[in-house]
Protein chains: 2
Amino acid sequence: VTADALLRGAVATPAPRQPVLGIIGAGQLARMTYQASLGLGQAVRILAADPTDSAATTARDVTVASLEDPEGLLAFASTCDVITFDHELVDPRMLQLLEQHGHVLRPSAGSLRHGQDKLHQRRRLASAGHPVPAFRATDTLDELVGFGQRIGWPVVVKAVRGGYDGRGVWIAANPDDARRIWDEARARGVALFAEAHVPIVRELAVGVARRPSGHHVTYPVTETVQSDGICIETVAPIVGPIADAATALARAIVHDIGAVGMVAVELFDTGRGLVINEVALRPHNSMHWTIEGARTSQFQNHIRAVLDLPLGSPDPVAPCAVMVNVIGRSPGDDPANHLASALATPDIAVHLYGKMPRPGRKLGHVTALGDDTADTRLRAHRAARALTPTGAAA
Amino acid sequence: VTADALLRGAVATPAPRQPVLGIIGAGQLARMTYQASLGLGQAVRILAADPTDSAATTARDVTVASLEDPEGLLAFASTCDVITFDHELVDPRMLQLLEQHGHVLRPSAGSLRHGQDKLHQRRRLASAGHPVPAFRATDTLDELVGFGQRIGWPVVVKAVRGGYDGRGVWIAANPDDARRIWDEARARGVALFAEAHVPIVRELAVGVARRPSGHHVTYPVTETVQSDGICIETVAPIVGPIADAATALARAIVHDIGAVGMVAVELFDTGRGLVINEVALRPHNSMHWTIEGARTSQFQNHIRAVLDLPLGSPDPVAPCAVMVNVIGRSPGDDPANHLASALATPDIAVHLYGKMPRPGRKLGHVTALGDDTADTRLRAHRAARALTPTGAAA
């Protein structure tokens, strides 16, 4: 009897056995998911591309292997009962291979495609009648320029696959701009599509945790503030008619794409309605505030959802929760060296991801809870600034 | 340049380095402390007596060694900047040895003695004027019986060292009982002392986190319910004049014994005032509710306190928090097999410690938050019962 056979239930086992959850990818999302798993006593295995990855330095059971090696992925999968993901960058062919071998992916390869292939997502959501910006597939530069001429400049040019945190998104102000973006992207083999540049009053995110049965819970609507395409701040909860509409829209989308686990639906509030920005089929930066700010964190509910366990309450524990990302500023300056200064701010929680500090890199986040949005924002920003002081030496 | 020299700051290092926190012992307290450390991005090393210990199966950096081996302890300590503890069972001579070699213990060997040696604690607190039950050292059976005859039976007989969770505490109803307890304990080499049996209206616990500077925060007063000497339930917060007196008393005690880190002061409310029951110099079962129920958990504040970092808010996040311990009932029946049933109870959090299930053993706990004590207790007990169903087969 091999361990593999035992784990797959191919032989009789002496007692019921808790399922093993595998996580492919070992970034901060896997790290925070691992942290949440400790409370549940849940067995978790992590597949890391690199031994210095955020979750690889903290979890007990880590396998280091290339995410592009089918043999390694299959070997890892054979030790897990359910597999989930830290990010959407795994090659879709690998996901199909895992499913063909009978492994349980949550979300499935089919629904993950909505997070991996933005053009596919747009087509699917548009055909379901959901509000997406005007868009078109652009196989040639002429098609891109034609689209801009037709709907008016600027247009948003996006990589079909692989972009996140502002990467893979460009604004083309005119046909010359479009040509430059096209040439650079195509030189790197990046497929592009185009969509209308939507006027934005503010950006909202809705987090939904969904079980395979369809049962789900929805977190309070969260406003997100971006800078250079990177989320820098979130404020929750947002209430009112737009928030209600955002919640209803997010639930419909999650149902339509058959997602399982946490899903974050990012929306543009145009002042005249909601337009879908992105859909991420995983725990998401916009919901980090739920670790302290909600009765059940997005990470614990992600675990519960993918293991088909009853979901926990998404209710907020305070009138206001503000999250501010800790983004590397000075090369080599580790925010961990400034913990004492940051923790001096009252009533904040610091999360550091143990990542190599680099300017522009997300190294952690701060969450503040409070009764008043202005004061809560102030405290969150003060602590985040303390972790990344200007001019701190390497 | 050895790693050891680098860690001790004996040579110039290229950049400031975050201190390494060592934890001696790898039970559930170390496990939950490790979980809290992940948020802070804090480097933690754990010394486990056994590789199957609760924290040893979840932490990344675990050394397995006997806690009675001075070489092993010194080798472990030399890789840490600050050392703290999962339990108070480390031999006091070992603690002195570590301090003699320049290692930083928090709490110190001197203050830890108050948690290790109950007779020492009683003497110290009595001499500081704090309310302890009438007690006496009993070097002979005659002294024990004489104490009972003088203050009246029953008397409480306690092991000077090594008892917890009801172990090491006996009630002697009469001289014959006293002789039986005496003979059994002395046959195992256990030193005893005696104290008056105090009438109890209820039991209270106060958690204090204290930095080396003396700065501290105090958690809301918690009522604890014991059965067979094991804590089975806690309810927080308790308010009113007795709670205020308990808070003031706990602060004074923590100051007097020079504790650093989390301290739990367990008190008897006799209906005519407070009497000290136990003092534990570590995170404590009575404060587990703070993981979900307070702005900062006892585990995170323990880490902050021993590393001399600013402490987090101990304020509650809900009107009521109830914790119920998950105590093994059927041999071999792992509560992890009943997660789905337990999580079906609304608004509860489950913590399982990954320990081998045995009847009477603490295997986890459940925390419920709510507005109403009766309803919150009901939910916590329902979920805890679901984790340990009667008659579940091995």
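This passage describes the interface between chain A and chain B in a predicted model.

The two chains are related by symmetry. A rotation of 180° superposes chain A on chain B, with 0.0 Å of shift along the axis and an RMSD of 0.0 Å. This is therefore the relation of a two-fold axis. Within chain A, A:Arg60 has the C-alpha nearest the axis, at 2.3 Å. Both copies use the same surface: 100% of the contact residues of chain A recur in chain B.

Chain A contributes 36 residues to the contact, and chain B contributes 36 residues. Together the chains bury about 3,400 Å². Carbon and sulfur atoms account for 53% of that area. On chain A, three residues supply more of the area buried against chain B than any other three: A:Leu38, A:Arg60 and A:Arg295, with 20%. A:Arg60 thus appears twice, as a leading contributor to the buried area and as the residue whose C-alpha lies nearest the axis in chain A.

Polar and charged pairs also cross the interface. The number of salt bridges between chain A and chain B is 2. In one of them, the side chain of B:Arg295 meets that of A:Asp347, with 2.2 Å from N to O. Polar contacts link 14 residue pairs across the interface, both residues at pLDDT 80 or more.

On the side of chain A that touches chain B, three elements give two or more residues: α2 (28-40), α12 (339-343) and β16 (348-352). The largest share, 7 residues, comes from α2(A). By residue class, this side of chain A holds 21 nonpolar, 9 polar and 6 charged residues.

Key: Residues numbered from 1 in each chain as written. Chains lettered and ligands numbered in written order. Predicted model: local features only at pLDDT ≥ 70, side-chain atom pairs only at ≥ 80, totals over all residues. Heavy atoms only, no water. Contact = heavy atoms within 4.5 Å. Buried area = accessible area lost by both parts, 1.4 Å probe. Salt bridge = Lys/Arg side-chain N within 4 Å of Asp/Glu carboxyl O. Polar contact = N/O pair within 3.5 Å; in protein donor to acceptor, adjacent residues only side chain to side chain. Helix = DSSP H or I, 4+ residues; strand = E, 2+ residues; numbered from the N terminus. Nonpolar A, V, L, I, M, F, W, Y, C, P; charged D, E, K, R; others polar. Least-squares fit on C-alpha atoms with pLDDT ≥ 70 in both.
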